[in-house]
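Here are some comments on the coordinates you circulated, set out as numbered points. Please read them beside the model.

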Amino acid sequence: MNQHHHLQDLEPQPDLISDHFLPQPHTNHPQQQQRRPRGFAATAASMSSSVSAASPGGGSKGKKEREKEKERTKLRERHRRAITSRMLAGLRQYGNFPLPARADMNDVLAALAREAGWTVELDGSTYRSSPPPSQLGVFPVRSVGSPLSAGSLKNCSVKASLDGQPSVLRIDESLSPVSFDSVVVAERDTKSEKYTSASPMNSPACLGADQLMHEVGSRVHGADFTGTPYVPVYTMLATGVITNFCQLLDPEGVRQELRLLKSLHVDGVVVDCWWGIVEAWTPQKYEWSGYRELFTIIREFQLKLQVVMAFHEFGGNDSGGVLISLPQWVLEIGKENPDIFFTDREGRRNTECLSWGIDKERVLKGRTGIEVYFDFMRSFRTEFDDFFMDGLISAVEIGLGASGELKYPSFSERMGWRYPGIGEFQCYDKYLQQNLRKAAKVRGHSIWAKGPDNAGQYISRPHETGFFCDRGDYDSYYGRFFLHWYAQSLIDHADNVLSLASLAFDDTRMVVKIILVIQIPAICWWYKTTSHAAELTAGYCNSSNQDGYSPVFEVLKKHSVTMKFVWSGLQVPCQEVDEALADPEGLNWQVLNSAWDRGLTVAGQNVVPCYDREGFMRIVETSKPRNDPDHHCFLFFVYRQPSPFVQGTICFPELDYFIKSMHGDIAGELEP
């Protein structure tokens with residue numbers, strides 16, 4: 001009698017994250033205040049506390065715990081739906097699979113089975129034409145990963161063994177890691193005849209890297225990163241370890257975190273040196289004591305150090321309650337002269353950073369904007385000369401705008417922006433307006449000395465405006481003039497600040513190898529439109545008939561600066577990506593190749609925290625692409641830690657596997 005495989009409904013269920021990886025409440029001893037761990041140490045603490053909370057006698061969950069569990073369940077459900085949407089989109093786009101608009105997992109499995117040479121009938125009966133179905137057994141298939149990568153679908157097939165052995169996943173050996181890092185195969189329970197899916201991150205035991213590779217790594221040539229270039233991995237220390245009075249908040253907590261990072265073989269850490277803390281109260285009076293204590297502890301663990309000259313403010317919904325403003329003396333000047341801040345069309349001031357219009361205006365107690373930045377950098381260079389000479393400090397990143405990135409603050413949530421809004425131009429302070437009038441006069445059209453009046457608002461979509469819509473004013477004579485001036489102001493700001501940064505650090509760069517770094521934003525929403533509206537308001541004239549990144553990279557090359565790209569692995573539901581006509585991969589390709597073509601060294605950083613194998617492997621493949629004939633790779637990668645709210649979801653075996661892959665040292669994980 002023929003045995004047919006009946007496909008059941010494979011709509012994925014929410015992945016249940018083990019309580020071992022979810023934050024649990026800490027119970028402090030009434031006689032002693034318990035130190036609150038930070039960063040990765042907080043994750044380890046949450047894992048241990050969850051074990052004690054699960055023991056008998058722990059008591060029932062209170063109302064707050066139930067509410068938190070509901071929120072976590074919602075997050076998992078959104079994550080599950082996003083994975084499903086990306087799978088379907090990839091199948092349609094890259095595999096040419098004729099899936100219906102509202103396809104479910106039955107449609108996906110049927111399409112994959114037919115592609116692999118199976119026959120799938122309307123009632124779900126599935127069998128091979130040859131050999132006959134009677135020769136086929138019913139074999140369970142193990143779950144070996146998380147969401148299926150779109151690029152791998154045309155080359156993957158699930159083959160049943162004829163000798164009664166469990167079937168395994170067969171993948172073309174020519175595939176890159178992106179093709180196999182996220183393969184999902186259903187696991188069948190032969191007793192209940194139900195299918196389930198499990199992610200290694202969300203499984204109760206959090207499948208280790210060695211265990212996972214025993215399952216599939218030995219069968220997949222592409223999983224071996226042995227011999228690939230060594231890309232150093234740095235991690236950012238949490239903002240808030242230094243108080244607003246420049247004191248180290250918790251030295252022992254920092255040591256605990258660094259000890260854990262050292263055990264993961266991280267190469268070094270990144271520390272933000274905040275202008276608003278160091279020069280907080282009096283012009284040219286710098287307080288570095290807290291940073292010196294922190295750097296000394298980092299030296300104890302023999303970790304490399306990258307520092308960020310942070311000339312912007314910090315705070316927001318994901319800041320964990322930490323707020324770091326610009327220096328108080330600068331804010332006092334701003335009360336009398338608010339035009340030192342970026343201003344939108346409605347006259348609202350943005351205090352995230354100083355307007356580039358005052359780069360050469362002596363409005364800061366007799367100093368210009370770039371002189372203030374130079375004095376800060378020179379003070380840092382002098383104060384930490386011993387750390388430079390010892391080789392502890394390997395790189396200095398120069399903040400050039402909002403969030404430390406080279407961009408206008410056009411996406412400020414405090415001003416009402418929400419994704420995927422196009423943002424607003426930030427050029428209405430009197431100093432930038434003066435520059436615009438001069439540029440219009442030189443151009444011979446004084447009437448052009450104004451910003452566009454039909455560019456919409458922060459949350460507008462391109463097609464809702466007369467300026468950014470198809471064939472809109474952005475491509476008119478006036479539009480091209482205004483956008484060129486707007487982008488040139490951004491380029492001039494980078495050129496001016498980097499000239500003085502080179503002056504401040506050049507003596508050090510001649511003695512020891514110090515890397516100057518500039519961070520470039522990843523603005524991928526509306527990338528598939530002709531105007532690229534979101535990039536335009538941020539200062540990159542990158543519409544479909546322009547290249548907005550090459551002029552910036554020419555300036556970086558002029559000053560021998562490394563370009564750090566905020567890798568846009570945009571983690572939003574696929575329907576939202578489609579709605580915003582976003583293209584993270586297209587933007588990545590343009591920016592990275594444009595920089596490499598100009599001979600720039602390139603580094604990377606994740607824009608949002610990632611925790612699973614798929615996200616990590618995409619980073620590895622982007623950092624050192626295997627199919628690049630010129631063998632380009634990142635100079636280093638900065639891993640941004642998750643916020644405290646979700647730290648408990650980190651799976652350390654996954655992170656350990658990622659670091660080994662970046663180091664090109666993963667062969668040991670492939671051995672039985």
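1. I begin with a contact between charged side chains: Asp339 forms a salt bridge with Arg349, and their closest N and O atoms are 2.9 Å apart. Because Asp339 sits in the loop between H9 and S11 while Arg349 belongs to strand S12, the pair ties together parts that are 10 residues apart in sequence. The two partners should be described separately, since Asp339 is buried at a relative accessible area of 13%, whereas Arg349 counts as partly exposed at 32% relative accessibility. Please keep in mind throughout that this is a predicted model.

2. Helix H9, which spans residues 328-336, has Trp329, Val330, Ile333 and Gly334 as its buried residues. These residues lie on the same side of H9, because they cover an arc of only 150° around the axis. The general background is that an α-helix has 3.6 residues a turn, so residues three or four places apart point the same way. Among the elements covering the buried residues of H9 are helix H7 (275-278) and helix H10 (369-383), together with strand S11 (341-343) and strand S12 (349-354).

3. The sheet deserves a full description: 8 strands, in the order S8-S9-S10-S13-S14-S15-S16-S17, make a closed barrel with parallel pairing. From one strand to the next, the twist averages 30°. Helix H8 (residues 289-300) packs on this sheet, where it touches strand S9 (268-274) and S10, and the direction of H8 makes about 175° with that of S9.

4. Within the barrel, strand S10 (residues 304-310) pairs with strand S13 (residues 393-398) in the parallel sense, over 5 bridges. For anyone checking the register, Val308 has Glu397 in S13 as its bridge partner.

5. How many of the residues of strand S16 (residues 602-606) are buried? The count is 5 of the 5, so S16 is largely enclosed by the rest of the structure. Val602, Gly604 and Asn606 point one way from the strand and Ala603 and Gln605 the other way, and all of them are buried.

6. The pairing on S16 can be followed through one residue. Strand S15 (residues 562-567) runs parallel to S16 and is joined to it by 5 bridges, with Gln605 of S16 as the bridge partner of Val566. S16 is also joined by 2 bridges to strand S17 (residues 637-639), again in parallel, and there the bridge partner of Gln605 is Val638.

7. Returning to charged pairs, the count comes to 24 salt bridges. One of them joins Arg299 to Asp390, whose closest N and O atoms are 2.7 Å apart. This pair links distant parts of the chain, with Arg299 in helix H8 and Asp390 in the loop between helix H11 (385-389) and S13, 91 residues apart. Arg299 counts as partly exposed at 31% relative accessibility, while Asp390 is exposed, with a relative accessible area of 53%.

8. A further salt bridge is formed by Glu579 with Arg461, the closest N and O atoms being 3.1 Å apart. Since Glu579 lies in helix H16 (residues 574-579) and Arg461 in the loop between helix H12 (430-443) and helix H13 (477-511), the pair ties together parts that are 118 residues apart in sequence. Glu579 is partly exposed, with a relative accessible area of 45%. Elsewhere, Glu279, Arg367, Asp375 and Arg378 are joined into one network by salt bridges that share partners.

Key. Residues are numbered from 1 along each chain as its sequence is written. This is a predicted model: local features need pLDDT of at least 70, side-chain atom pairs count only at pLDDT 80 or more; totals for chains, interfaces and linings use all residues. Side-chain values use heavy atoms; hydrogens and water are left out. Two strands pair if DSSP finds at least two bridges between them. Helices (H or I, at least four residues) and strands (E, at least two) are DSSP runs, numbered from the N terminus. Axes are lines fitted to C-alpha atoms, for helices over the stretch in contact, and angles run from 0 to 180 degrees between N-to-C directions. Contact means heavy atoms within 4.5 Å. Buried means under 20% relative accessible area, exposed over 50%, partly exposed in between (1.4 Å probe, protein chains only). The arc is that of the directions from the helix axis to the C-beta atoms. A salt bridge is a side-chain nitrogen of Lys or Arg within 4 Å of a carboxyl oxygen of Asp or Glu.
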